[in-house]
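Colleague: Hi, have you got a minute to walk me through this one? I'd like to start with the salt bridges.

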Amino acid sequence: MEKEQKSLEKIYDVISGEKSLREKEKAVAEAKKNAIREMKDKRRKAIIEKSAKLEKDKLQQKKVVQNIKLFEWEAPERYQVKFSDKNFLFVVALSLVLILLLAILRHYLMMASVIALLFLVYVSGITKPVTIKNKITKRGIESYGRLFEWYMLDSFYFCKKEDSPYYSLIIETRLNVPKVLFLLTSEKDKDAIFLLLQDKLLYKDIRKQGRIDRITYGEYIPLEKV
């Protein structure tokens, strides 16, 4: 009788655990759906308010925000550059031809730039990306050992390369350098990152993505498909 009772208890634990997991997944999906709706409302509001900006009170007290960690994730600092021997030899041959042409034209500065770029591609191909920690805090985003506060940031969006398990998180800044923060994130961390960022930044609406951006970051993901 005790064995039967223990078996029933185990079955109940499994069923209740699966039910709890489904409820959590449903809650995350609902939060994500609400977040997307809020992002659209913010975008409309931002468009309307551009025509009428209120003057800020110069005597207004600045609110103190503690740098409390909200979320942290680890990911490679960049994509792994992969070249087959055939493709690499083609790049080298093309670069040598270009270098020779620039030497004949006496464009030595451009020639040095091509050599530096070729060296960078070579090093990127043979060196594995370093794994870094990224944090979202109350004050902003911490990455590469630096805190980028919310007032420094402008908008964000996700991209995806077909041949990579990672998503590209592109955060545009209001700074001269860097103009863009490029971070990688996994599938399991993407939703949590989106839910935190959408409360502070607008999701950028890209009507037509440039070819270079597509090659660098991957295919742009619209807000409705995040």
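Modeller: Sure! D191 and K190 make a salt bridge, with their closest N and O atoms 3.4 Å apart. A salt bridge here is a side-chain nitrogen of Lys or Arg within 4 Å of a carboxyl oxygen of Asp or Glu. Salt bridges with shared partners join K32, K190 and D191 into one network.

Colleague: Before we go on, what kind of model is this?

Modeller: It is a predicted model, where local features need pLDDT of at least 70, side-chain atom pairs count only at pLDDT 80 or more, and totals for chains, interfaces and linings use all residues. Residues are numbered from 1 along each chain as its sequence is written, and side-chain values use heavy atoms, with hydrogens and water left out.

Colleague: Thanks. Back to K190, is that one buried or exposed?

Modeller: K190 is buried, with a relative accessible area of 5%. Buried means under 20% relative accessible area, exposed means over 50%, and partly exposed is in between (1.4 Å probe, protein chains only).

Colleague: And how many salt bridges are there by that rule?

Modeller: The count comes to ten salt bridges. One of them pairs the side chains of R139 and E149, at 2.9 Å from N to O. R139 sits in the loop between β2 (131-137) and β3 (140-143) and E149 in strand β4 (residues 146-149), so this pair ties together parts that are ten residues apart in sequence. R139 is partly exposed, at 28% relative accessible area.

Colleague: What does E72 pair with?

Modeller: E72 meets K69 in a salt bridge between their side chains, 3.9 Å from N to O. E72 is partly exposed, with a relative accessible area of 30%.

Colleague: Let's zoom out. How many helices and strands does the protein have?

Modeller: There are five helices and nine strands. Those are DSSP runs numbered from the N terminus, with helices being H or I of at least four residues and strands being E of at least two. Along the sequence the pattern reads α-β-α-α-β-β-β-β-β-β-α-β-α-β. Of the 226 residues in the protein, 29% are buried.

Colleague: I was looking at strand β1. Where does E74 fit in?

Modeller: E74 lies in β1, which covers residues 69-76, and E74 is partly exposed at 47% relative accessibility. The C-alpha atoms of E74 and I132 are separated by 5.6 Å, although the two residues are 58 residues apart along the chain.

Colleague: Which strand holds D154?

Modeller: D154 is in strand β5, residues 153-160. The C-alpha atoms of D154 and E172 are 5.5 Å from each other, with their positions 18 residues apart along the chain. D154 is partly exposed, at 33% relative accessible area.

Colleague: New topic: pockets. What is the volume of the second largest pocket?

Modeller: About 740 Å³. A pocket is an open set of points on a 1 Å grid over the protein atoms alone, where a 1.4 Å probe fits and there is protein on both sides within 12 Å along at least five of seven lines; lining residues have an atom within 4 Å of a point. The lining has 25 residues, and the closest to the pocket centre are Y79, Q80, V81, K161 and D163.

Colleague: Which element gives the most to that lining?

Modeller: That would be α3, with four residues. At least two lining residues each come from α3 (108-126), β7 (180-185) and α5 (211-217).

Colleague: Any backbone oddities I should look at?

Modeller: A few. Most residues other than glycine have a negative phi, and most peptide bonds are trans. The peptide bond from V177 to P178 is cis, with omega near -10°, and P178 lies in the loop between β6 (167-173) and β7. R106 has a positive phi near 65° and is not a glycine. Y144 is not a glycine either, and its phi is positive at about 55°.

Colleague: Where are R106 and Y144?

Modeller: R106 is in the loop between α2 and α3, and at 65% relative accessibility R106 counts as exposed. Y144 is in the loop between β3 and β4, and Y144 counts as partly exposed at 46%.

Colleague: Great, that gives me plenty to look at. Thanks!

Technical notes:
Points joined across faces, edges and corners; volume = space filled by probe spheres on them.
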